[in-house]
Amino acid sequence: MSANQTASGVQDDAYHKVRWSERIGYGFGDAASNLIFTGAATFLTYYYTDVMGLAAGAIGTMMLIARILDAFLDVGVGALVDKTKNKHGKARPWLLWMMVPFAASGVLLFTFPDVGPGGALVYAYVTYLLMNFIYSFINIPYGVLNSLVTQDGYQRSVLNIVRMLGALAGAIGVSFATQPLVKAFGGGEKGWILTFTIYGVLSLIMFFITFKSTRERVKPSVSQKEIPFKQGLGALFRNKYWAIMLLFAVTVYTNYGMNGLNIYYAQYMLNDAELLGLLSFAGLIPIAVGLFLIAPLIKKYGKRNVALVGSFIMILGSLIILMDPTNVTFVIVGLVVKALGMTPILGTIFAMLADTVEYGEWKTGVRTEGLVYSAGSFGTKAGSGLGAAIIGWGLAIGGYIGGQETISSSASSAIHFMFIYLPIILGVLQMVILYFHKLDKLYPQIVAELKAVKKA
């Protein structure tokens, strides 16, 4: 009898080979997320400081506060997903319910009423918190869906790779199209509003495609009653690999969130704001190409090992830039190398997180996909938010004043440190965290034992 068959000899639906139509449909969800989320991460600090005239330090503090509040919300959203019982499943219904609010929240980010400087900061707080809260309600279920579509570890890796390709497609589109669209729509606040209205409509359509094209198949090994929140949370904190992946996700996305510095680096260190598109190209296209090639390496060497090597390659990329920080060629080559290092990390991070669902079920007898995936959402948001906050604080410490043609030497030094040295420090931290991740070796045995319980 095949290992993927039930005791009656019927193919276990949880190990059903996922078709490409479903994989691509799943990938559309991360493209939808990144039209808004990456748009905010890349341009919002610049929009606040150079278009709306808000203080960089105040923006950095705002973004950190939003992430702290989000930490509590994500756990609650994860618990809600675990309790969801709907004809469409437990994760897919949330995509349908939240895609319109998410699209609207992205537009509101760049729509400022005329309420003066103090009122503008309050409005920034409200709309930024709103977008992040709604993002929790759509992105946590979206992440959970990976663990519900299939229980096969390799299939999950492929789903994650396609998801990251979708994310990159959204990020590349936003990075290249935003400034030309804003300019085409007349610039200023009007240009930003119309641009993000387009992104909002596109994200709505893409999330609907994800909803229609995916199916939930994985069930608990043992039928379990509704799990009380306290019990689920207790089981979660007994899952050491969940904790490791939470720390790793925060570190990775803090590093990734530093991409919001590109627009400042192009304008003030390379003396050409038009180079932003080229910097974005160098940091994203190699990832898109690499994701097509990474699956065989993951299958041969394991998710943790390829992510570990990727972290080392990211450090090498920053060292290349350090050789001549104002030389466009060195900067581009360094960003390409960093992107190649980021490829195996983005290709494995959410698949590794999905594997902690089975570890938690095996360790505690409690399966809580929603609570587990709250780590993925929190890691993404806390990391990118912390990266954005660091940019804001760093600019404020350096005495940066938005909207000027030249900046002080201290502001230049701050940008230089955050663009080169800080990613090196974060890359080393990524490697330290991954050193303690041993789940790849244990996972086949864990799944075999869970399947034996299910057959029994």
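Before we start, one definition: Ala, Val, Leu, Ile, Met, Phe, Trp, Tyr, Cys and Pro count as nonpolar, Asp, Glu, Lys and Arg as charged, and the others, Gly among them, as polar. The model is predicted, so local features need pLDDT of at least 70 and side-chain atom pairs count only at pLDDT 80 or more, while totals for chains, interfaces and linings use all residues. Residues are numbered from 1 along each chain as its sequence is written, and side-chain values use heavy atoms, with hydrogens and water left out.

**Exercise 1. Describe the chain as a whole.**

Step 1: Look at the secondary structure. The chain has 17 helices and zero strands; helices (H or I, at least four residues) and strands (E, at least two) are DSSP runs, numbered from the N terminus.

Step 2: Check the overall extent. Along the principal axes, the C-alpha atoms fill a box of roughly 75 × 45 × 35 Å. The radius of gyration is 22 Å, which agrees with the value near 23 Å for a compact globule with 456 residues. That radius is taken over C-alpha atoms, and the globule rule is 2.2 Å times the number of residues to the power 0.38.

Step 3: Turn to burial. Of the 456 residues, 58% count as buried, where buried means under 20% relative accessible area, exposed over 50%, and partly exposed in between (1.4 Å probe, protein chains only).

**Exercise 2. Place Ile134 in the fold.**

Step 1: Find its element. Ile134 sits in helix α4 (residues 116–149).

Step 2: Decide whether Ile134 is buried or exposed. Its relative accessibility is 11%, so Ile134 counts as buried.

Step 3: List its partners. Leaving out residues up to four places away in sequence, Ile134 touches Met98, Pro101, Phe102 and Ser105; contact means heavy atoms within 4.5 Å.

**Exercise 3. Explore the enclosed spaces.**

Step 1: Learn the rule. On a 1 Å grid over the protein atoms alone, a cavity is a set of points where a 1.4 Å probe fits but cannot get out, and a pocket is an open set with protein on both sides within 12 Å along at least five of seven lines; lining residues have an atom within 4 Å of a point. Grid points are joined across faces, edges and corners, and a volume is the space filled by probe spheres set on the points.

Step 2: Count. There are five cavities of 30 Å³ or more.

Step 3: Take the largest cavity, with about 630 Å³ of space. It is lined by 39 residues, and the closest to its centre are Tyr256, Gly257, Asn259, Leu284 and Met342. By class, this lining holds 22 nonpolar, 14 polar and three charged residues.

Step 4: Move to the second largest cavity, of about 70 Å³. Its lining includes Phe37, Arg67, Tyr128 and Ser384. Helix α1 gives the largest share, four residues. The classes here are seven nonpolar, three polar and one charged.

Step 5: Why does the second largest cavity lie between domain 1 (18–216) and domain 2 (227–455)? Both domains give residues to its lining, so the cavity lies between them. The domain bounds come from an automatic or database domain assignment.

**Exercise 4. Describe the second largest pocket.**

Step 1: Give its volume, about 390 Å³. Of its 17 lining residues, Gln179, Pro180, Val182, Lys183 and Glu274 are the closest to its centre.

Step 2: Name the main contributor. Helix α5 gives the most to this lining, with six residues.

Step 3: Sort the lining: nine nonpolar, six polar and two charged residues.
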